[in-house]
Each structure stands twice: as structure tokens, then as C-alpha cells.
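User: Please take a close look at one part of this structure and describe it in plain terms. Start with the backbone at the end of a helix, then work outward to what surrounds that part.

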Amino acid sequence: MTTTTSGSFSAGPPAGAKIGPIAWARKHLFSDWFNSLLTLIIVSVLGFAGFRLITWAFIQAQWLLIPNNIGLLMSGTYPSNQYWRIWTLLGVVCTLAGLSWGIIARNLSRLFSPWVLGGIAVVSAFFVVFPATRPSSMILLPMVAIVAVMAWVGRLVGRKLAIAGQLISLLWFVSYFVALWLIGGGLGLRTISTNDWGGLVLTLFTAISGIALSFPLGMILALGRRSELPVVRWLATAYIELVRGVPLVALLFMGQVMIPLFLPEGARPDRVVRAIIALSLFSAAYLAENVRAGLQAVPRGQQEAAASLGLNTPLTLTLIVLPQALKIAIPAIVGQFISLFQDTTLLAIVGLAELLGMGRSVLANPAYLGRYAEMYLFLGIIYWVFCYAMSLGSRKLEQKLNTTH
Amino acid sequence: MKKWGFLGLAAALTLAACGGSTDTASDGGPGTSGGASRLQTVLSRGQLICGVDGGIPGFSFVDESGAYSGLDVEVCRAVAAALFDDPNAVEFRRLDSTERFTALSGGEVDMLSRNTTWTISRDTSVGMEFAPTTFYDGQGMMVRVDSGITDLEDFAGRAVCVETGTTTELNLTDQMRRLGVEFEPVVFQDADAAYAAYDEGRCEGITSDKSQLIARRSTLPNPDEHTLLEVTMSKEPLGPLTVNNDSAWFDVVKWVTFGLIQAEEFGITSENVEEFLGSDDPNIARFLGEEGTLGTDMGLPNDFMYRVVTHVGNYGEIYERNLGSESEFNLERGLNDLWTNGGLLYAPPFR
């Protein structure tokens with residue numbers, strides 16, 4: 001990218017200009033009486049609101065309900081003597097996350113820059129100080145260590161092994177089934193009915209399953225909509241327009257209420273599975289449009305060039321068109337994933353005890369009546385952390401894939 | 001892939017249309033097809049599946065240990081105790097109010113214990129079978145103690161907060177019109193906003209179901225400053241229910257519920273039930289299964305009520321634990337007392 005031309009005029013401060021915070025404030029905040037008044041009003045309003053929030057958070061709020069129910073919020077009514085399975089799963093995820101980080105950062109000169117070290121320190125300190133996580137800090141701190149160690153291992157492996165990237169993708173794929181086995185049981189582990197899955201575990205499981213299923217489906221729909229075969233095109237278009245015209249809640253209710261009506265007992269998919277299917281079908285229609293936008297942004301010349309090189313249609317798609325189209329569509333696709341993650345809160349309405357639904361159950365406990373603000377603020381922060389992590393990840397991915405010059 | 005997705009959806013829509021029409025025609029649903037009673041299904045499964053709400057203070061919630069509790073939940077546990085001698089042999093399904101009846105008629109749950117009001121349309125056209133009421137709720141009115149308001153007539157010229165779009169608003173205006181009281185309704189879309197306005201003093205009374213008012217009162221800054229008027233503006237009998245046309249299973253749920261009430265009438269509690277074993281009173285001997293065949297006639301072990309009382313207790317104990325003096329709500333028994341104490345709870349004889 002070239003910088004805008006106006007940038008070159010203001011390079012360096014003009015002669016005689018004062019720099020420093022006071023000068024900056026005078027120039028930007030108190031340049032005339034109107035701006036000064038505006039600044040004062042806004043600062044006092046913000047200051048008052050901030051003060052009220054802080055006094056509420058530290059004096060009035062009763063945060064005890066969060067640490068007392070943290071197990072419920074994290075994993076619902078999952079039997080507590082089986083919690084080790086969730087922890088094992090977290091260990092697997094941390095290992096893979098560390099390895100991936102190391103492999104992605106294999107060409108950086110320093111893996112643990114001061115920023116990264118600071119981040120690790122802050123997270124560790126948070127786990128020790130924050131009351132809700134303190135009882136588990138003996139497990140959470142080693143998790144942080146696992147991530148760091150595995151990042152170092154991943155970097156070594158990544159430098160030695162050219163296919164490390166493909167390998168880690170395969171491991172992530174396998175880990176999904178490991179997660180399914182660890183949470184659900186079977187094959188030597190006690191079977192835990194999906195009725196007992198809940199809290200953040202259920203939220204993440206449905207969101208990740210939904211993302212994993214809707215992405216390929218959405219891609220196929222997008223290609224179908226641009227297909228030259230009329231039947232395929234009509235079907236894809238009809239699906240997209242039909243699903244986009246129905247609210248997600250309606251789809252979820254259809255899954256939960258109508259499927260039992262016309263399938264015999266025993267042949268019905270599980271409630272969680274129904275919810276995941278509804279989420280994926282819904283999200284796929286939106287994803288298809290995002291991918292289609294990417295496809296349309298790829299110049300036609302690319303396809304023609306590929307054809308002149310003798311590539312057939314599948315090769316043209318997989319080697320030339322899709323890589324470029326998906327790269328263009330990353331921000332929109334990740335936006336769709338974030339909204340899918342947030343849409344999992346609707347599962348609370350159809351009776352699944354995901355994070356929000358579990359919060360509602362905890363609030364109905366007579367011991368914590370009326371503690372809405374604390375609970376919803378806590379839940380909001382959890383959702384924010386995950387959504388922000390996703391958008392951060394997408395930004396990194398964009399930077400990494402950025403090949404424009 | 002996209003073809004299948006589309007075809008699946010088309011099939012779903014077609015079937016949905018059919019499903020909707022057959023649902024009103026047959027009042028049984030798949031749960032009763034084949035002639036076998038659900039009782040056999042439940043017994044062979046070894047576990048009861050009970051539909052609850054999961055988020056109503058005092059009725060169903062999840063406690064800190066991850067166990068469901070509340071009045072609705074304990075009714076499920078009582079049925080499980082009668083069937084399996086284990087109050088924990090029950091799986092709780094959380095159901096939304098819109099899906100509760102389809103979940104029951106579709107056979108996804110064996111019974112509902114989910115704050116459901118017994119009405120004629122639900123009993124007939126929806127195809128439900130209502131077991132005895134376990135909580136007589138009704139629309140009430142909350143006021144400040146120092147306001148001096150003691151009945152609805154005192155509201156002449158005063159403001160009442162009410163949620164709009166519910167039968168609550170309608171009941172209130174009906175009552176007031178019948179009494180000829182000119183009052184000022186302050187209408188809210190949202191319950192939280194209504195209670196906040198009441199707390200700020202924008203209205204002198206707030207009306208809703210009594211159990212909800214009690215729960216909300218404990219969230220106000222000074223709960224003791226507020227009181228509920230004696231008046232009841234609507235009838236909301238809440239109880240467990242099963243699906244139509246399955247008498248064997250319905251009888252089990254019905255008589256376990258009656259048994260909870262009868263146990264209280266006999267004075268049998270979870271603590272003193274052992275003392276009643278070997279009682280000379282033939283009624284009690286029959287009730288606890290030491291004489292007669294009351295249980296086996298129903299397809300249950302003869303000592304089913306002994307199991308229920310040992311594990312769960314009688315109705316009075318359940319009530320006091322969840323809504324009464326031992327709970328945060330401290331709700332008086334009122335209508336939910338035995339008929340001998342001026343309440344409405346009355347169990348037919350066990351003989």
C-alpha cells in the first residue's frame with residue numbers, strides 16, 4: 001500500500017510547534033471556548049459514570065455468585081468427578097494452540113518478545129488473583145506453561161519440518177473427535193448425556209461445530225450460486241434466499257419442536273445435534289454470500305489465465321480462484337463466525353443450558369436472587385474475550401496472507 | 001451437498017405442514033402409540049425424564065453443586081423415588097414454554113413439572129392430562145407496608161405498575177371495573193422496568209403472579225418494607241402433567257402427587273416415617289404398603305409411598321424447603337395448605 005499523498009506534507013512537526021501532552025491537549029481539547037466546554041462536559045459525564053461503575057463494582061456488587069458457581073458456568077451440570085476430562089481437553093487444546101503459534105512464528109527472530117512475556121505474566125497473575133479462577137489456578141497456570149513450552153517446541157519443529165503446517169491442521173481436525181470423545185464418553189469413558197453438557201463448554205462446542213460445518217457448506221453454496229448449470233444455481237440461490245429469510249430462532253424452534261413430531265422415538269437426533277445443524281444451516285447461507293463476494297472480486301483474467309495454462313475447472317477453483325477469494329473474504333467470514341458464536345446464546349431459549357442459560361439457572365437460585373448485573377456483566381466479558389480473540393486472530397491471518405505490494 | 005441441504009429443508013417444511021395438521025387431530029401423539037404404557041418404557045429405561053423450566057426461583061433452578069432443585073423439581077424426584085427407590089434416577093430436560101407440550105406429546109419427556117397452569121383448553125385440545133395441583137398461584141398485588149393500602153378499593157386514584165400484553169393487565173382492569181375503583185395503570189413492556197419503577201415510587205402497587213411477586217420482593221433493597229395484599233385476582237393452579245390416553249402412567253404421577261399431600265395429612269415426614277411402620281392404623285398401613293395391594297395394583301412396588309416420603313418428604317416439607325419458612329421467600333401456605341387447615345390440598349382416600 002502506498003501512503004496517501006497528504007501524509008508527506010505533514011511529515012515532522014512545523015518549526016516552533018510545541019510537542020508534549022500539555023500542548024497536545026491544548027491543541028485538540030481546549031482550542032477555543034466551545035471545545036473546552038465540550039471537553040469539560042464529556043470528561044465530567046465519563047468521570048461520573050466511571051466513578052459510579054467502580055463504586056458499584058467494588059462496594060455494592062456481590063461477586064460471590066461467580067466463584068461459587070464457576071463450575072456450573074463453565075461446564076453446566078457435568079458431573080464434577082468427571083471434570084478431569086474437561087481439563088484434559090483444555091490441555092490438548094493448549095498443546096495444539098502452543099504448537100500452532102510456534103509454527104506460525106517460526107520465522108520470527110524472537111518468539112518471546114517483551115510484549116508476549118508481558119501478556120503471559122498478566123494472564124498468569126489474573127488466574128492467581130481473580131477469585132473465580134483462583135481455586136483452579138493450580139491447573140490453569142500449568143496450562144499457560146504448556147502453551148509457552150509448546151510454542152517453543154512448535155518453532156523448532158516448524159523450522160525442521162516443512163509439512164509442519166499441514167500436520168498441525170490435521171491434528172486440529174483429529175482433536176475435534178478427541179474432544180467429542182472426552183466430553184461425551186464412550187470407548188472406555190463413562191457416557192455423559194448431552195443433557196448434562198452445559199455452560200461455556202457447550203457454547204464453545206456448538207460454536208466450533210457450527211463454524212466447522214457451515215464453512216464448507218457455505219463455500220459449496222457460493223460456488224453453486226455462481227455455477228453455469230441452471231439447476232444447481234437455482235437450488236443454491238433458493239436455499240440461500242429461503243434460509244436468509246427465516247430468523248435463526250425460528251430455525252432453532254423448528255429443530256427442537258418439529259423434528260420430534262415427525263420422527264419416531266429413538267430415531268431422533270440429539271437436542272445438541274439438532275441445534276448445531278440449525279446453526280450451521282443458517283450460518284452457511286450467510287457465509288455463502290460472503291464467499292460469493294470474494295469470488296466476484298477475483299478478476300476474470302485469473303480464471304482465463306488458468307484455463308490457458310490448461311487447468312481444468314476443479315484445479316482452477318482450488319488453486320487459483322478460491323485461495324484468492326477466501327483471502328479477500330476473511331474479514332466478512334470471521335465476522336460471520338463471531339456472530340455465529342454470539343448466536344449460540346439463542347440456544348438458551350430452546351432449553352439448552354449453554355453459558356447464558358446456565359447464568360439464568362444460577363440467577364434463579366434463591367441465594368443469588370437479583371444479582372442480574374454481576375452475572376450478565378461477567379457473561380458479557382466472557383463473550384467479549386472470545387469474540388475479540390477471534391477478530392484478533394483474523395487480523396493476524398490477514399497480515400500473514402497479505403501479498404499486495 | 002447443497003442439493004441435500006435444500007431437499008432436507010423442503011422435506012422438513014412439508015413434514016412440518018403435515019405434522020401441524022395431525023397434531024390437532026390426534027390427541028395422543030407418538031407417546032401412546034402401540035398400546036404400551038409409558039410406565040413400562042420408564043421402568044425399563046430405569047430413569048425418569050422430567051421436563052422443567054430450569055430458571056424459576058423456588059420452582060426449578062440449578063444449585064451450586066450442579067443439582068436441580070425447587071418445588072417442581074422435587075415433584076419429579078418424588079415420582080422417581082416411587083418408581084426406582086432413588087430420587088436421583090431422573091434426567092431433567094429444560095423446556096421453553098413454547099415447546100413444553102410438543103416435547104411431552106412427542107414423547108421426549110415422560111412428564112412435565114414446569115409451572116404449567118391447568119386450563120380446560122390444555123386439558124382437552126392440547127391433549128394433556130393434569131395431575132393434582134402442587135401450587136395454587138394467583139395474581140396478587142404488592143404494596144409498601146407504610147402506604148396503608150390493605151385492599152383493592154384503597155387504590156382509588158392511585159397508580160399500579162403492570163406488565164403489558166399479559167393476562168395480568170386484563171385481570172387487573174376487570175377486577176377494578178367490577179369493584180368500581182378508578183385507578184391509574186402504569187404499563188411496562190418489561191418486568192424488570194416495572195419493578196424498577198415500583199421501587200422508585202412511580203406507582204404504589206405492582207401486580208403479577210404471587211410467586212413471582214414474592215421472588216421479586218426479595219430482590220428489592222428493603223424487602224421487609226413491602227407486603228402482598230390478601231386479594232387474589234386470578235386462578236393459576238400449577239401442577240405436573242402427562243400426555244392424554246395413557247391412564248396407567250397418568251395414575252402413577254397423579255397418585256404420587258396425591259400421596260405427598262396425604263402423607264402430610266397423616267403427619268408422616270421423612271424424619272418420622274420409620275415410626276409409622278407397623279402402625280395399628282389400617283389407613284397408614286395401606287398407605288405405606290404394609291397391607292393391601294395399592295401399589296402393585298398400579299404397577300408399582302407396594303411401598304411406593306414409603307419410598308417417596310423417605311427420600312423426598314411430604315408436601316409440607318417440600319413446600320417449606322423451597323418456598324416457605326426454610327427458604328428465602330418465606331411464603332405463607334395460604335391456599336396451598338391442607339383442607340383441614342383452610343387450604344385447598346385434599347387427597348382422595350388411599351384404599
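Analyst:
**The end of a helix, and what lies beyond**

In this predicted model, B:Asp85 comes just after α3(B) and has a positive phi of about 60 degrees. Most residues other than glycine have a negative phi. The helix before this residue, α3 of chain B, runs over residues 71-84 and has 14 residues. From its first C-alpha to its last it reaches 20 Å, close to the 20 Å expected at 1.5 Å a residue. α3(B) is also mostly covered, with 14 of its 14 residues buried.

Positive phi values turn up elsewhere in chain B. B:Asn115 is a residue other than glycine with phi near 45 degrees. B:Asn115 sits in the loop between β5 (111-112) and α5 (120-123) of chain B. A residue counts as buried if 20 or more other C-beta atoms lie within 10 Å of its own; B:Asn115 has 24 such atoms, so B:Asn115 is buried. B:Asn330, again a residue other than glycine, has a positive phi near 50 degrees. B:Asn330 is in the segment after α14 (315-322) of chain B. Because B:Asn330 has 14 C-beta neighbours inside 10 Å, B:Asn330 counts as partly exposed.

A glycine follows another helix of chain B: B:Gly267, just after α9(B), has a positive phi of about 80 degrees. α9 of chain B covers residues 247-266, which is 20 residues. Its reach from first C-alpha to last is 27 Å, close to the 28 Å expected at 1.5 Å a residue. Of the 20 residues in α9(B), 16 are buried, and the helix is mostly covered.

Part of the surroundings of α9(B) is another helix. Two packed helices are described by the angle between their axes and the distance between the axes. The axes of α9(B) and α13 (residues 304-311) of chain B come within 10 Å and cross at roughly 65 degrees. Because of that angle, α9(B) is roughly perpendicular to α13(B). The crossing of these helices, α9(B) and α13(B), is right-handed. On the α9(B) side the contact is made by B:Val256, B:Gly259, B:Leu260 and B:Ala263, and on the α13(B) side by B:Met305, B:Val308 and B:Val309. By class, this contact of α9(B) with α13(B) has 6 nonpolar residues, 1 polar and no charged.

Further out is the partner chain. 40 residues of chain B are in contact with 41 residues of chain A. On the side of chain A that touches chain B, α5 (70-75), α10 (199-225), α11 (230-244), α12 (248-262) and α16 (355-363) each supply at least two residues. The largest share, 8 residues, comes from α12(A). The residues of this side of chain A divide into 25 nonpolar, 14 polar and 2 charged.

Chain A has 17 helices and 0 strands. Of its 405 residues, 31% count as buried. Within chain A, the axes of helix α15 (residues 313-343) and helix α17 (residues 372-401) come within 10 Å and cross at roughly 170 degrees. That angle is why α15(A) is roughly antiparallel to α17(A). Residues making this contact include A:Phe337 and A:Phe341 of α15(A), and A:Phe386 and A:Met390 of α17(A). By class, the contact of α15(A) with α17(A) has 12 nonpolar, 3 polar and 2 charged residues.

Terms used
Residues are numbered from 1 along each chain as its sequence is written. Chains are lettered from A and ligands numbered from 1 in the order in which they are written. This is a predicted model: local features need pLDDT of at least 70, side-chain atom pairs count only at pLDDT 80 or more; totals for chains, interfaces and linings use all residues. Two residues are in contact if their C-beta atoms, placed from the backbone, lie within 7 Å. Helices (H or I, at least four residues) and strands (E, at least two) are DSSP runs, numbered from the N terminus. Ala, Val, Leu, Ile, Met, Phe, Trp, Tyr, Cys and Pro count as nonpolar, Asp, Glu, Lys and Arg as charged, and the others, Gly among them, as polar. Axes are lines fitted to C-alpha atoms, for helices over the stretch in contact, and angles run from 0 to 180 degrees between N-to-C directions. Angles under 35 degrees count as roughly parallel, over 145 as roughly antiparallel, 65 to 115 as roughly perpendicular and the rest as oblique. The expected span of a helix is 1.5 Å times one less than its number of residues. A residue is buried if 20 or more other C-beta atoms lie within 10 Å of its own, exposed if 12 or fewer, and partly exposed in between; C-beta atoms are placed from the backbone. A crossing is left-handed if the near helix is turned anticlockwise from the far one by less than a right angle, and right-handed if clockwise.
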